[in-house]
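Please keep the sequence and the model open beside this note while you read, and look up each residue as it is named. The points are meant to be taken in order.

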Amino acid sequence: MLKRIATFALIAAFASPALAQQKVVCDEASIVKAEQQVAQISDGAKKIESTKELTMARDAMMANDMEKCTSHLDNAIKGMDAM
């Protein structure tokens, strides 16, 4: 019985982070949504950092560098989550 509980706990520990992760899509709608969310951040340092990441994401999108755009957009979103 104890072995079964330990097994389920181990499976849950590895499954939870995988389920929590979402694939960031770099497109105009995602950037606009993130900009709206950044506007509501009250922590000045986090707001500045997320704004910089969004600017870099937008620049990368305009240069058709979707990998870099996705990375910067993901960083901006992670910065907002840390609020």
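The numbered points below deal with confidence, the nonpolar core, some single residues and the salt bridges.

1. Before anything else, please bear in mind that this is a predicted model. The protein chain has an average pLDDT of 79, and 70% of the residues reach a score of at least 70. Confidence is not even along the chain, since its lowest mean, 49, belongs to helix 1 (residues 2–20), while its highest, 93, belongs to helix 3.

2. Within the chain, residues 15–20 call for particular care, as their pLDDT stays under 50 and the model gives them 0 contacts beyond four places in sequence. Where pLDDT is low, the predicted coordinates should not be read in detail. I would therefore ask you not to draw conclusions from fine detail where confidence is low.

3. Which residues touch the most other members of the largest nonpolar core? They are I31, L54, C69 and L73, in a core that has 14 residues. Two or more residues of this core come from each of helix 2 (28–39), helix 3 (44–62) and helix 4.

4. C69 deserves a second look, and here residues up to four places away in sequence are not counted. On that basis C69 touches C26, I31, A57, A60 and M61. One of these partners, I31, is also named with C69 among the core residues that touch the most other members.

5. Is H72 buried or exposed? This residue sits in helix 4, which covers residues 66–81, and it counts as buried because its relative accessibility is 15%, under the 20% cut-off. Apart from neighbours within four places in sequence, H72 is in contact with E53, M56 and A57. A57 is thus a partner that H72 and C69 both touch.

6. T51 offers a contrast to the buried case, for it lies in helix 3 and is partly exposed, with a relative accessible area of 36%. Its C-alpha atom is separated by 8.8 Å from that of A39, a residue 12 places apart from T51 along the chain.

7. How many salt bridges does a search of the whole structure find? The search finds 4, and one of them joins the side chains of R58 and E28, with 3.1 Å from N to O. This pair links distant parts of the chain, as R58 is in helix 3 and E28 in helix 2, 30 residues apart. Both ends are partly exposed, R58 at 22% relative accessibility and E28 at 40%. The two residues also belong, together with E35, to a network of salt bridges.

8. Another salt bridge brings together the side chains of D74 and K78, again with an N to O distance of 3.1 Å. Here both residues lie in helix 4, and they are 4 residues apart, which is about one turn of the helix. D74 is partly exposed, having a relative accessible area of 23%.

9. The side chains of K46 and D43 also meet in a salt bridge, for which the N to O distance is 4.0 Å. K46 is partly exposed at 25% relative accessibility, and D43 is likewise partly exposed, at 34%.

Notes. Residues are numbered from 1 along each chain as its sequence is written. This is a predicted model: local features need pLDDT of at least 70, side-chain atom pairs count only at pLDDT 80 or more; totals for chains, interfaces and linings use all residues. Side-chain values use heavy atoms; hydrogens and water are left out. Buried means under 20% relative accessible area, exposed over 50%, partly exposed in between (1.4 Å probe, protein chains only). Contact means heavy atoms within 4.5 Å. A nonpolar core is a set of buried Ala, Val, Leu, Ile, Met, Phe, Trp, Tyr and Cys residues joined through side-chain atoms within 4.5 Å. pLDDT is the predictor's confidence in each residue, from 0 to 100.
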